[in-house]
Amino acid sequence: MTQDHENLRLELMTSVEVAKAVESGIRTVIIPCGAVEQHGAHLPLSVDADHADHLGILLAERVGQALVAPTIRVGCSSHHLEFSGTISLKDETFERVVSDYCTSLARHGFDRILIFTAHVGNCPPLAEMLPRLKSAVAPSCRVSAFTDSRAWLETWRDAVAEAGGEPIKVGGHADLAETSVMLDIHPDRVRPHAYQAGKLGLLSQSDLELMWRKGLRALSANGILGDPHGSTIAIGRHCIERIATLLVEAFSHPDAD
């Protein structure tokens, strides 16, 4: 990460520097969310948090006049708890953390808070809590959250196809897209020798209902949705670019919530 990127990270600034930034007109702050959960035998538990870290900086650069709050690294991953190492927050715990982030940041003068998650399992609780997040801060502070997991996954499929990969290998978890992203941002954390295919294709509504009810292992014994074989840095970079564009466009929409 370059020095310029570090200057966007609120946690690396002093309190005095943050106050001066707000006084100078930097009133937008981004809250990235991730997860600490299994990603098959070839990726670390940190994938979603690592991805959120990276996207938060890209989003701040493209939105402009914005800082990035520390990533909320642990999320709602109860459907992964049968796999060793996974740490999961209850929905109400996750909401309390996000709400406390929002009220703390609003208190210091930020009046636009943008929340996104690189872990699609956080999308349902984020969408459900959003009205309460809005009411937790003053009316002058606008809180928005991107919670469209289907758009995220479809964007990945399109990006993979555009970069020459096989969209059928995009399932949304430790798949061709996510593995390619990690090859781009943290190649040293990928174990290519351990690649395994999991359940192919995007999940149907009945698949999702089964997963929420019985856990991911009910759909995929190895915890993978998709197939990492064929992952490349080029595919990962294109996936990141397309998702960054998706987020910028969503947050730029006048009706964004």
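In which handedness of crossing does α3 pass α7? The crossing of α3 past α7 is left-handed, a term used when the near helix is turned anticlockwise from the far one by less than a right angle, with clockwise being right-handed.

The model is predicted: local features need pLDDT of at least 70, side-chain atom pairs count only at pLDDT 80 or more, and totals for chains, interfaces and linings use all residues. Residues are numbered from 1 along each chain as its sequence is written, and side-chain values use heavy atoms, with hydrogens and water left out.

**Helix pair**

The axes of α3 and helix α7 (residues 176-185) come within 11 Å and cross at roughly 60 degrees. This makes α3 oblique to α7; angles under 35 degrees count as roughly parallel, over 145 as roughly antiparallel, 65 to 115 as roughly perpendicular and the rest as oblique. Axes are lines fitted to C-alpha atoms, for helices over the stretch in contact, and angles run from 0 to 180 degrees between N-to-C directions. On the α3 side, V47, D48, D50, H51 and H54 make the contact, and on the α7 side E178, V181, M182 and I185 do so. Contact means heavy atoms within 4.5 Å.

**Sheet**

Four strands form an open sheet in the order β2-β1-β3-β4, with parallel pairing. Its edge strands, β2 (66-68) and β4 (142-145), each pair on one side only. Helices (H or I, at least four residues) and strands (E, at least two) are DSSP runs, numbered from the N terminus, and two strands pair if DSSP finds at least two bridges between them. Strand β1 (residues 28-33) pairs with β2 in the parallel sense over three bridges, and V68 in β2 is the bridge partner of I30. Helix α3 (residues 47-63) lies across β1, β2 and β3 (112-117), and runs at about 160 degrees to β1.

**Two buried residues**

K169 is found in the loop between α6 (149-162) and β5 (170-173), whereas L133 is found in helix α5 (residues 123-136). Buried means under 20% relative accessible area, exposed over 50%, and partly exposed in between (1.4 Å probe, protein chains only). The contacts below leave aside neighbours within four places in sequence.

| Residue | Relative accessible area | Contacts |
|---|---|---|
| K169 | 14%, buried | D175, L176, L200, G226, D227 and H229 |
| L133 | 0%, buried | V98, S99, I115 and V143 |

The C-alpha atoms of L133 and Y101 are separated by 9.9 Å, with the two residues 32 apart along the chain.
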